[in-house]
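Me: I would like a close look at one part of this model, namely the region around one of its bound ligands. Please treat it as a single connected picture.

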Amino acid sequence: MQIFLEQLHQVLDQKYILTEDQDKNPYLTDWRKRYTGKALAVVLPRTAQEVAQIIRLCAINQVAVVPQGGHTGFCGGATPDSSGKQIVLNLKRMNTIREIDVANQTITVEAGCILQAIQEKAAAQDFLFPLSLGAEGSCMIGGNLATNAGGTNVLRYGNTRDLCLGLEVVTAKGEIWNGLKGLRKDNTGYDLRDLFIGSEGTLGIITAAVMKLYPLPISQWTTLVAADSVVSTITLLNLFQKRATSLLTGFEMMTQESLDLNEKHFPQMANPLKGNPPYTVLIELSDHESEAHVRQLLETILEEAFEAGLISDAVIANNLAQANTFWHMREHITLAQAEEGANLKHDITIPLSALESFIEETDALVRAKFPGVRIINFGHLGDGNLHYNIAPPIGVDHKAFNLTNEKPIHELVYAQVERCQGSISAEHGVGQLKLEGLRAHKGEVAHELMKTLKRALDPQNILNPHKVVSI
Ligand code: FAD
Ligand code: MLT
Ligand code: ZN
C-alpha cells in the first residue's frame, strides 16, 4: 500500500491526499450517522484526467474506490467499508460550471458542483434547473446523477435521469468516456448515459454532465390544504392533474404524525392549518402567463375541491416568503427525524391506484404488531413516492428498538410493497442499506443481468464494491 500511496503522489499534490485520521474523518460517516468506515486515504482530484490516473493506479494495485459527492445519501453508498483498504474519491474540487448554452437550453457542469449553485447560476440567466431536494445546499450533481435523485419537482420535470443529456465518465480501466453531447435525440445503440445514471458509483465515475434547463416560471403559487383520508388526497391530485395539467409542479403529502414530530423539534415550523388534519398537502402551481392567471386557476380548483368534500381547509401563501415557510415545513421533517434519533426509513413507490390500500393496510398491521410506534409517513405523493418511516414509541430508546425491530418492520413494509407491485427504493438508491433485499425484489433474471453488467464494466470489482450488487 505504501507503493500505491507513493504513486498517488505523482498524480496529486500532497495536500489533496488525506491520510491522517483527523483529515479523513469528515468523509467517513454518512449523513444519517448510520455507517462509519475506514479509508487508506481520501483523495481530492481536480480534473477528469487526474481521476483517470487515480483509477489506473487503483486497477494496477487492486485498490477499491468509493466515489463521493456531498455525502448526503441515505443508503451508505458513499461510505467506505471497515477494512481501511479502500480509498474515498471525493469530487468536491471538480466544481466548475463549464458552460450555459442559451440556444440549446443546457448547462454543462462538473460532478462536484453543489446542486444549489447550479440552480442559482441557471436562475441568473433566467433559466430554471428544476432538480430540487432538501439537501440541495450540500449534495453535488455527480451524486444526484449517481443516485438518480428525485425530490420535489419530479411530477413536472422528471428525476435526475430525465434532466440529463450527456455525461463524462471515467471507467474502471481509467479511460475517459466523453459523452458530453447536449442532444435530445441520439439512437446510436446502447444508451451508455442511462447505464451510469443511478449506478451509485459501481460502474464508473461521473466527472461532468450536460443538464437540461427550462424557462423560469413568471409566477408560483403555493397552498397547504387539509384532507381527511388518503383517497381524498389522491382524488385531489387527479383533480389538479386534470385542471392544472403541466402547471402543477409540486404535490407533497404530510401526515399528522410527521408534522407533530416537526413541531416538537422546530416549534417555528407549526402547521398553519388549524386542528391537526390527518393529511396536509402542499400544492404548488407554476405559470408562464401571469400571476393573476395562476392565482385564479388555483382558487377555482380549490373551490371545486371544497365543493366535492375533498378538503376541509386551505391556506394560500400570500408571498414568496410565506411560500418558502410552507416548503421549509415540508423539508424539515427529515431534519426532525434526524433530531429525534435513528429511524427506520422506507423510501417506496406505490402505483397511485394501490396507495389507499397500501397505507390503510400497512398502517393497521404496523400499529397492531408494533404498538405505540410513530408512522412518519410523508413524501412526493404526486409520484406515488412515500417516505414511510417508522420511529419507536415515545420514550423508547431508538437504538435498542431498532436492534430488535428493524428486520421485522422492514419485512412487513416490503411485503406490502410487493403486494402492491411497488418499489423498495423510489429515489434514494440501494447503496449498502438495501443490498440484501435487492435480489428478491428485482427477481433472479434482472439481478443476474445487473451482475453481468457489473462484471463486464468492472471485472476487478474496484468501483464501490458491495454496493447495489455483490459479484
Ligand atoms: P453522495 O451521498 O456523496 O453519494 C451517493 C452515491 O453516489 C454513492 O453511492 C456514491 O458512491 C455515488 N457517487 C457520488 N458521486 C459520484 C460520482 N461523481 N460518480 C459516481 N458515483 C458517485 N434524495 C432524493 O432523491 N430526494 C429527496 O427529496 C432527498 N431529500 C433529502 C433531504 C435531506 C435533508 C438529505 C440529507 C438527503 C436527501 N436526499 C434526497 C438524499 C441525497 O441528498 C441524494 O441521494 C443525493 O442525490 C446524494 O448526493 P451526494 O452528492 O450527497 O452523493
Ligand atoms: C425527503 O423527501 O425529504 C427525503 O427524501 C425523505 C426522507 O428523509 O426519508
Ligand atoms: Zn424524498
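Which residues surround ligand 2?

Reply: The model is predicted, and local features are reported only at pLDDT of at least 70, side-chain atom pairs only at pLDDT 80 or more, whereas totals for chains, interfaces and linings use all residues. Residues are numbered from 1 along each chain as its sequence is written, chains are lettered from A and ligands numbered from 1 in the order in which they are written, and side-chain values use heavy atoms, with hydrogens and water left out.

The surroundings of ligand 2 consist of Phe74, Arg330, Thr334, Gln337, Lys345, Phe378, His380, His387, Asn389, Glu427 and His428; a residue belongs to such a list if one of its heavy atoms lies within 4 Å of the molecule.

Several of these residues also make polar contacts, meaning pairs of N or O atoms within 3.5 Å; within protein, one atom must be able to donate a hydrogen and the other to accept it, and residues adjacent in sequence count only if both atoms are side-chain atoms. The side chain of Thr334 places an N or O atom 2.8 Å from an oxygen atom of ligand 2. For Lys345, a polar side-chain atom is likewise 2.8 Å from a ligand 2 oxygen. With His387, the separation between a side-chain N or O atom and an oxygen of ligand 2 is 3.2 Å.

His387 also serves the zinc ion (ligand 3): its NE2, the NE2 of His380 and OE of Glu427 are the protein donors, at 1.9 to 2.2 Å. Donors are N, O and S atoms within 2.8 Å of the metal (3.2 Å for Na, K and Ca), and sites may look incomplete because water is not among the atoms. The spacing of the donor residues in sequence is H-x6-H-x39-E. Since His380 belongs to strand 17 (residues 374-380) and Glu427 to the loop between helix 14 (398-419) and helix 15 (435-442), this pair ties together parts that are 47 residues apart in sequence. Helices (H or I, at least four residues) and strands (E, at least two) are DSSP runs numbered from the N terminus. Both His380 and Glu427 are buried, that is, under 20% relative accessible area, with exposed over 50% and partly exposed in between (1.4 Å probe, protein chains only).

Glu427 leads on to ligand 1, where one of its polar side-chain atoms lies 3.0 Å from a nitrogen atom. Ligand 1 has 36 residues around it, of which Pro67, Gly69, Gly70, Thr72 and Gly73 come nearest. Its further polar contacts include Asn144, with a side-chain N or O atom 2.9 Å from a ligand oxygen, and Gly201, with a polar backbone atom 3.4 Å from a ligand nitrogen.
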